Amino acid sequence: MDLGAVIGAGPETTRYVTSIIRVSLQVSMTAVAISTAMGIPLALVTAFRRFPGRRLLTTVITTGMGFPSVVVGLVVLLLLSASGPLGTLQLAFTPRAMIISQTILALPVITAVSLSAVQAVDQSVRDAAFAVGATRRDVAVRTIAEARFGIITAVLAGFGRAISEVGSILIVGGNIVFTDGTSYTRTLTTAITVEARQGRYETGLILGAILLAVVLVINAVGAWVSARGDR
Amino acid sequence: MRITVEDVRLTRGEATVLDGVDLTVEAGAVTAIVGPSGVGKTTLLRAIAGFAPPAAGAIRYDGADLWAVEERQRLQLRRTVAMVPQDRSLFNTTVARNVAYGLGVRGGPLERLRMAVGGVQATDALAQQVTDALALVQLAGMGGRAARTLSAGEAQRVAIARAIATDPAMLLMDEPTSNLDPQTTAVIEEAILAAVRRGMGVIIATHDIHQAGRIADRVAVMIGDTIIEEGSATTVLEDAASPAARRFLAGELPL
């Protein structure tokens, strides 16, 4: 499919928009992958292990769902900036910095939704697995399998949070475009802020439509996986 | 196989839920643990199945103390015993995959992968074991059904097939027929007796003393967090020694 024909733009704009979509997807998908890999075990531990500070952790996770993205961006930038504690890593204004801040935003969402999904798995189901010879790890895997629909929802919610946020990546990424007109740290959302500020509402709307389409496609894939898994 | 429960004490928080329980169970027979609701029958079955270590006392499988051995060896010991929980406990997948689960977790990584991809048809041996277990509970040909579409009675029979498929030396069942119709109850009791004929030992926890009378060889009466009387089914059910056991068996409220 020729994106240029769809959005009615010349080759240069098409290249610009394509690079923006690529950066958006790379950053948000990586952040969601990291958040999922951390969030599901965290949800299992929080749900089924008794340890000091468990309730505090639950509170932090639920509060985390409401972290203002600009504040997260600001804190991450302070940590990563040249004079900050992690300044030597030279990550400020890079896609990696954006992945870090979006991970911080998506992790609580994915963990909290996964937590309620795994808590909804009946104790008798977990007991049954253990009682026919499963190890603790087998029981955890079975619990994830039983909670699969809730976990898919969790991942989709986390992706929605990441792909649609603008505050933190604007601050830590810097909304940078290479001199050849392709995106370095500019995403669909940060590009829209630029277009709107400069009065190019039409381009802004096209980018907005693409953003919506991306979210739609990802959710459709999620729904398809859910339907297939229900057997 | 012989399971011995030696002076087991179990606590939950501040409360004592099992207090000085002694019991010996042999394979090849049905032992019924009877008693009113809430006396710890489920807790005792869970303790026997190795869910959690007792606060005091020992659970022995053929002499080996379950909680004195290393984790790996405990897993091997645990895998000679299977338990069917009271509540609906099936996994949200097909009947066949439910029945094959216990066999699946015993396989190596390669076998697990083959099963994840190919299901229970992954090997002929696995498919045969699933078929046999389903036939035992009279659900032959139901392997392809989704577990969540089953009636309560069918679900309970699948749960039993899932446990029996692992070929345990001892099968533990918590109220296996509570809230089920008489026909399903008969099918399940027949499956229990068939398993025993093959040499399996069965422990059922039940508040139904009539069921104990129908299928049990031995009966243990549990009242007040401990077993107060244990013996052959005929002796205990017809001529219990302790007054508390007699009152319970006569249908009076225990004191």
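In which loop of chain B does B:Gly38 lie? In this predicted model, B:Gly38 belongs to the loop that runs between strand S3 (30-34) and helix H1 (41-48) of chain B. B:Gly38 is exposed, because 11 other C-beta atoms lie within 10 Å, and the cut-off for an exposed residue is 12 or fewer. Although B:Gly38 and B:Ile223 are 185 residues apart in sequence, their C-alpha atoms are 9.1 Å apart in space.

Elsewhere in chain B, helix H3 (residues 95-106) packs with helix H5 (residues 124-136) at an angle of about 115°, and their axes are 9 Å apart. That angle makes H3(B) roughly perpendicular to H5(B), and the crossing of H3(B) and H5(B) is right-handed. From H3(B), the residues B:Ala96, B:Val99, B:Ala100 and B:Leu103 meet B:Leu126, B:Gln129, B:Val130, B:Ala133 and B:Leu134 of H5(B). The residues of this contact between H3(B) and H5(B) comprise 8 nonpolar, 1 polar and no charged.

Helix H3 of chain B also takes part in the contact between the chains, to which chain B gives 24 residues and chain A gives 16 residues. On the side of chain B that touches chain A, the elements giving two or more residues are helix H2 (71-78), strand S6 (81-84), H3 and helix H6 (152-164) of chain B. Among these, H3(B) gives the most, with 4 residues. The table sets out the residue classes of the two contacts.

| Residues | Nonpolar | Polar | Charged |
|---|---|---|---|
| Contact of H3(B) with H5(B) | 8 residues | 1 residue | no residues |
| Side of chain B that touches chain A | 12 residues | 6 residues | 6 residues |

How values were computed: Residues numbered from 1 in each chain as written. Chains lettered and ligands numbered in written order. Predicted model: local features only at pLDDT ≥ 70, side-chain atom pairs only at ≥ 80, totals over all residues. Axes fitted to C-alpha atoms, helices over the stretch in contact; angles between N-to-C directions. Parallel < 35°, antiparallel > 145°, perpendicular 65-115°, else oblique. Left-handed = near helix turned anticlockwise from the far one by under 90°. Contact = placed C-beta atoms within 7 Å. Nonpolar A, V, L, I, M, F, W, Y, C, P; charged D, E, K, R; others polar. Buried ≥ 20, exposed ≤ 12 C-beta atoms within 10 Å, placed from the backbone.
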